[in-house]
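Biologist: Please take one part of this model, the sheet and the strand that sits within it, and describe it closely, in connected prose.

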Amino acid sequence: MEILKGIGASSGIALGPVYIYEKPEIYIGTEVIAPGETERETEKYLGAVEKSKQQISIIAKATEQNMGVESAKIFHAHLDIAEDPAIEESVLDKIRTEHKNAMQALWETKEEFCALLQDAEDEYFRDRAFDVADVCERILCNLAGVVPATLQHLPDAVIVVAEDLTPSVTATMDREKVLAFVTEIGGKTAHSAIMARTLEIPAIVGLGGAREKLASGGMIIADGNTGQIRLNPDPDTIAAYEKQKEVLLQEKAVLRELLDKDPVTQDGKRVELCANIGSPKDVEAVLANNGEGIGLFRTEFLYMDSSRFPTEEEQFDAYKRVVQDMAGRPVIIRTLDIGGDKTLPYFTFPSELNPFLGYRAIRMCLDMPEIFKTQLRALLRASAYGKLLIMLPMIISLEEFRAAKVILEECKGELSAQDITFDEEIAIGIMVETPAAVLMADEFAKEVDFFSIGTNDLTQYTLAVDRGNETISSLFSSYHPAVLRAIKMVIDAAHREGKFVGMCGEFAGDEQAVPLLLGMGLDEFSVSASSLLRVKKIIRNWDYTRAVDLAEAALRLKTAAEVETFLGQQTD
Ligand code: PEP
Ligand code: MG
């Protein structure tokens, strides 16, 4: 039995058949067809349109159930495009009079229609180009007999093996059918890995050549804790797997006893234990694990799952739903953090040598105030329905924070003039995820309402180690003393000004790190919903005074390895 090793990125273990996910590559032939074949090509085209409509209807229905009527609207628009008589006329004309094959006829039609729309003055029509392209590509896939790029409609429960999974494919994949996933690229803090933890799906990332190695199919066991994959396991291994699964279920049952207990140490130090989410539907898991709030709502997925910038109304619906579902518990919503590895299908980012250091997040929002204002207005309106806090990502300077605040005030003024209610005292804080924000934390602390430390990026930028690059993943360690000192600086700076400081990076859910962060004085831990009870158990088992001693000792150590060894020797 062969064993492969990747990076365990989301815990849990699964047994199932391999499903290789490939982005479809479609060959558009230029062969001219014989006059007698025009009817056959016409039928082929109409058959593919019919099939596409069925697929879109299924997606629309599922989206409506999971995300609400508003989110499903886009797919109704896609149905209209699939039925558009002008597109059909153009394709059939090319088949019948120019003797093009169906794929070529559709490809050329798509290019012509998109070019026309892209040239339009009106933004609404320019946006439609993306929808037309999307629908035409789906029909092309169906003509070519290729499955369109999605994991929404899987035939069976499978373990997905892919080169990489974009966050939007991960966000929309069928949770019931994806037992686990394995990707060739990416590290533990890649967005697909974070999403897997949110969805409680075991995941292994950074397993180079996985598609080729697993191409023969068959059953595998994927262990998201160890990063190991066992190919075609023998009956003994399967029995051991069943046993391990049973143990994990028992552990889960024990953790469930903590559901109604507070995150408080043995000697009475209380912290807040919140969760990170990527969409309104993730709130269900947070409530099921009794999270005390949302420490980070990554709103970029709303933008990534759309075929155009989401409207104020669409955003308002999503934010209001989260705030209402959380029923008065605090909800920290981060403004658009796009760029880097997170792109938008309908927006052309500049081509950059270093996109992680480039046009992204708050930089983009300040550069396109109309897009920023749409989100801020939606956030303000939703703030009337519960406790909503606004958080700005990727901040490096006070000017950025102040400029964002000016725009927020402008939005408040507009809403007041329209008699629209919102929380006048709404808190605005920043993510600390750049060394600049750390070094300026004492100044920021005087102006912001709160900090949340984003250790995924803070580690990346402090160590100059790409968080998604598996080749150097061993260098990516939040235990590096430089990162630990940065965290301590931020906590102390916040507390000197009486401000609250949380952590929403993955480090907050790292079992070894929890007592260390507790001892450093962190006020709030925000982790994936599936980690809430595990983290609570650790907090409840520790003494705060002992954690303070532990943190002081750890902060004196000189290497990441020393810190990890030291923490590994502690018992909880
Ligand atoms: C972080 O950088 O730690 C963080 C929480 O933000 P993201 O992972 O979305 O970049
Ligand atoms: Mg970040």
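Modeller: Buried is used here for a residue with under 20% relative accessible area, exposed for one with over 50%, and partly exposed for anything in between, with a 1.4 Å probe and protein chains only. Helices (H or I, at least four residues) and strands (E, at least two) are DSSP runs, numbered from the N terminus. This is a predicted model, in which local features need pLDDT of at least 70 and side-chain atom pairs count only at pLDDT 80 or more, while totals for chains, interfaces and linings use all residues. Residues are numbered from 1 along each chain as its sequence is written, chains are lettered from A and ligands numbered from 1 in the order in which they are written, and side-chain values use heavy atoms, with hydrogens and water left out.

With those terms in place, strand S4 can be taken as the centre of the description: five of its five residues are buried, so S4 is largely enclosed by the rest of the structure. Val 158, Val 160 and Ala 162 point one way from S4, whereas Ile 159 and Val 161 point the other way.

Two strands are said to pair if DSSP finds at least two bridges between them. On that basis S4 (residues 158-162) pairs with strand S3 (residues 13-21) in the parallel sense, over four bridges, with Ile 20 opposite Val 161 and Tyr 21 opposite Ala 162. S4 is also joined to strand S5 (residues 178-183), again in parallel, by five bridges, and there the bridge partner of Val 158 is Val 178.

These strands belong to an open sheet of eight strands with mixed pairing, in the order S1-S8-S7-S3-S4-S5-S6-S2. Strand S1 (3-5) and strand S2 (7-10) stand at the edges with a single partner strand each, so one side of each has no neighbour in the sheet. From one strand to the next the twist averages 30°, where axes are lines fitted to C-alpha atoms, for helices over the stretch in contact, and angles run from 0 to 180 degrees between N-to-C directions.

Helix H9 (residues 235-256) lies across S3, strand S7 (219-223) and strand S8 (228-231), and runs at about 110° to S3; contact here means heavy atoms within 4.5 Å. Taken together, S4 has S3 as a parallel partner and S5 as another, and its residues from Val 158 to Ala 162 are buried whichever way they point.
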